[in-house]
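Here's a quick briefing to read with the model open on your screen. Let's start in the middle of the protein and work outwards.

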Amino acid sequence: MTFDRVAAENRCCFLKRGRRIVDYRYSDYRLLMPKRKLDPLPSAAFQILLSLADEDLHGYAIMRQVAEQTGGRMRLGPGTLYSSIQSLLEGKFIEELEPREDADLGEERRRYYRLTSAGRKLARAEADRLAGFLRVARTRKILRGDYV
């Protein structure tokens, strides 16, 4: 019996690799799919996009802006901030600007980030998604008030 005939009869996924035959019938297909870091959009990434909506900011200023715009309910640590920034850069939702000197810091240079048009669209889509959740919460009498 040939390799192709066995695979066809069993209706399974066999893959011949050199001398070995790999059977994918019982493997987790999700391992073969690329990980989508920004789907759904994490709240830290959403807050970073919101903080960059009005002006270009450097990392520490983004941290302060997020704390301010959330009323202190969210404080980003350096690990969360820079891993989120890296994901947003890879997705082309923000861009890093050319290095520039801060007058207050002298020779020390900070990396500034800017929201791209794709980032603005992503932030708008996430805001619409969250607004939909709030509308449902209001119709179910979970939330009252003029939040949306």
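This is a predicted model, and its largest nonpolar core has 23 residues. Within that core, Ile48, Leu49, Leu52, Ile62, Leu88 and Ile94 have the most contacts. At least two core residues come from each of α2 (43-51), α3 (59-69), α4 (78-90), β7 (112-115) and α5 (117-139). The largest share belongs to α2, with 5 residues. For background, nonpolar side chains in soluble globular proteins tend to be buried together.

**The overall layout**

- The protein has 5 helices and 7 strands.
- Reading from the N terminus, the order of elements is α-β-β-α-β-α-α-β-β-β-β-α.
- Of the 148 residues, 28% are buried.
- If you take contacts between residues at least 6 apart in sequence, 40% of them join residues at least 24 apart.
- The accessible surface adds up to about 11200 Å², and carbon and sulfur atoms account for 50% of that.

**α2, the enclosed helix**

- In α2, 7 of the 9 residues are buried, so this helix is largely enclosed by the rest of the structure.
- The buried ones are Ala44, Ala45, Phe46, Gln47, Ile48, Leu49 and Ser51, so polar residues such as Gln47 and Ser51 sit in that list too.
- What do the buried residues of α2 pack against? Their partners are β3 (57-58), α3, α4, β4 (94-96), β7 and α5.

**Where α2 meets α3**

- The axes of α2 and α3 come within 9 Å and cross at roughly 100°.
- Angles from 65 to 115 degrees count as roughly perpendicular, and that is why α2 is described as roughly perpendicular to α3.
- On the α2 side, the residues involved are Gln47, Ile48, Leu50 and Ser51; on the α3 side, they are Ile62, Gln65, Val66 and Gln69.
- Sorted by class, this contact has 4 nonpolar, 4 polar and no charged residues.

**Where α2 meets α4**

- α2 and α4 pack at an angle of about 75°, and their axes are 9 Å apart.
- That angle makes α2 roughly perpendicular to α4 as well.
- α2 brings Ala44, Ala45, Ile48 and Leu49 to the contact, while α4 brings Thr80, Leu81, Ser84, Ile85 and Leu88.
- The class tally here is 7 nonpolar, 2 polar and no charged residues.
- Ile48 is worth clicking on: this residue of α2 meets α3 and also takes part in the contact with α4.

**α3 and Ile62**

- Gly59, Ala61, Ile62, Val66 and Ala67 are the buried residues of α3.
- Those buried residues pack against α2, β3, α4 and β7.
- Which residues does isoleucine 62 touch, not counting residues up to four places away in sequence? The list is Ile48, Ser51, Leu52, Leu57, Leu81, Ile85 and Tyr113.
- Ile62 is also one of the residues with the most contacts inside the core.
- Just past this helix, α3 is followed by glycine 71, which has a positive phi near 65°.

**A buried glutamate**

- Glutamate 126 is found in helix α5.
- Is glutamate 126 buried or exposed? Its relative accessible area is 8%, and buried means under 20%, so glutamate 126 counts as buried.
- Leaving aside neighbours within four places in sequence, glutamate 126 is in contact with Leu41 and Phe46.
- Phe46 is itself one of the buried residues of α2.

**Two lysines with positive phi**

- Lysine 92 has a phi near 60°, a positive value in a residue other than glycine.
- You'll find lysine 92 in the loop between α4 and β4.
- Lysine 92 counts as exposed, at 62% relative accessibility.
- Lysine 141 also has a positive phi, near 60°, and again the residue is not glycine.
- Lysine 141 is in the segment after α5.
- With a relative accessible area of 59%, lysine 141 is exposed, since the cut-off for exposed is over 50%.

Technical notes
Residues are numbered from 1 along each chain as its sequence is written. This is a predicted model: local features need pLDDT of at least 70, side-chain atom pairs count only at pLDDT 80 or more; totals for chains, interfaces and linings use all residues. Side-chain values use heavy atoms; hydrogens and water are left out. A nonpolar core is a set of buried Ala, Val, Leu, Ile, Met, Phe, Trp, Tyr and Cys residues joined through side-chain atoms within 4.5 Å. Buried means under 20% relative accessible area, exposed over 50%, partly exposed in between (1.4 Å probe, protein chains only). Helices (H or I, at least four residues) and strands (E, at least two) are DSSP runs, numbered from the N terminus. Contact means heavy atoms within 4.5 Å. Accessible areas come from the Shrake-Rupley method with a 1.4 Å probe; for residues, only the protein chains shown count as cover. Axes are lines fitted to C-alpha atoms, for helices over the stretch in contact, and angles run from 0 to 180 degrees between N-to-C directions. Angles under 35 degrees count as roughly parallel, over 145 as roughly antiparallel, 65 to 115 as roughly perpendicular and the rest as oblique.
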